[in-house]
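Reader: I keep meeting labels like "helix" and "aromatic pair". Could you show me how they are earned?

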Amino acid sequence: MPIFIQRSLAADGGAVSVDQLPKLEGDITLYLGRGEGGLYENVLEAIRKRNPKLNLKIRRGATAALANSIVAEAKAGVRRADVFWAVDSGAIGLVSDAGLARPLPADLTSQLKPGFQYPQWAPVTGRIRTLPYNTDRLTPEQIPESVMALADSDLSIGWAPAYASFQSFITAMRLLEGEKATEAWLRGVSRQATNYAGELGVVMAVERGEVDLGFANHYYTLRLKNGKPNAKVDLAFTKNDAGCLVNASGILALSDGDLPINFIRYLLTKEVQAYLASEAYEIPLANGVKPPQGLPALDTISPPKVDLTQLADLRPTLNLMRRVGVL
């Protein structure tokens, strides 16, 4: 589906149309974290086609590895990346904490929803932690509103401890609840949990009835239901805790000048935001763009207040998970 002719999918609001942006000209190198099955690549190809004088070079890799490369290059006195688009805000935090991000103008950050306006990086799309549950085995009333309560429940649970999104979720729990409570939670849940390689696998296991519920980002369930409308799975949300954390993909500028900033503007346009909502089922974070079908509006959910860049503090999380034996 063409990206820059989708204006009907975007509601009126703070996000601007691509038609309002300046043309991109010159050389720019983007470090791109892997994610979303090629949909980010489709966005970049659409930007290229619209800006024939843009020489966009892309280095692809795992988000955490690219963040470490950027920091290592800077320590060696080298700058190879002009822009970094990461699928996880923890990697953004790693680069930002190293003092490598350039400030963003207020007219750009003001296009973002409240709670997602940062001076040195722009969240692009969000993903909310959810509890996908089997609708034949559970009713919504049987699911605790606190994620911490699941450690003492008798529900069977699917999880993917080796998955980056799960580790960010545990990092948020550490920040919100403390290390001792998080350790107790991990030990409690591990007694009733089944391991899966990834969170799509968790959702599919829930739908098959292998487990009662699981932990996963919202879009895995929405994508499954899109392809299988009668799937026996639905989404539940906890309240004001790490179980409904809204994490984000994000982008930051690493070099000076207008080109990196204007490149970032393209990712916040109505067209790109609507494309990622309709095709990837991600949550648009620019104002005035509709959320993906099947997901409640963000203002009806109660996510915790967490500075997403603090999710970069991953090492204590990994040490804790190894000590408990879930990694």
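Author: Let's take a few labels in turn. This is a predicted model: local features need pLDDT of at least 70, side-chain atom pairs need 80 or more, and totals for chains, interfaces and linings use all residues. Residues are numbered from 1 along each chain as its sequence is written, and side-chain values use heavy atoms, without hydrogens or water.

Reader: How do you know that the length of helix α2 fits a helix?

Author: Helices are DSSP runs of H or I, at least four residues, and strands are runs of E, at least two, numbered from the N terminus. The expected span is 1.5 Å times one less than the number of residues. Helix α2 has 13 residues (63-75), so 18 Å is expected; its end C-alpha atoms are 19 Å apart, which agrees. Just after α2, G77 has a positive phi of about 80 degrees.

Reader: Why are F169 and W185 called an edge-to-face pair?

Author: Rings of Phe, Tyr and Trp (its six-membered ring) pair if their centres lie within 6.5 Å; planes under 30 degrees apart are stacked, over 60 edge-to-face, the rest tilted. The structure holds 11 aromatic pairs. In this one, the centres are 5.7 Å apart and the planes 85 degrees apart, so it counts as edge-to-face. F169 sits in helix α5 and W185 in helix α6, 16 residues apart.

Reader: What makes R223 lie over the face of Y220?

Author: For Arg, CZ must be within 6 Å of the ring centre and within 35 degrees of the ring normal (for Lys, NZ). R223 lies over the face of Y220 at 5.9 Å from the ring centre, so the distance fits.
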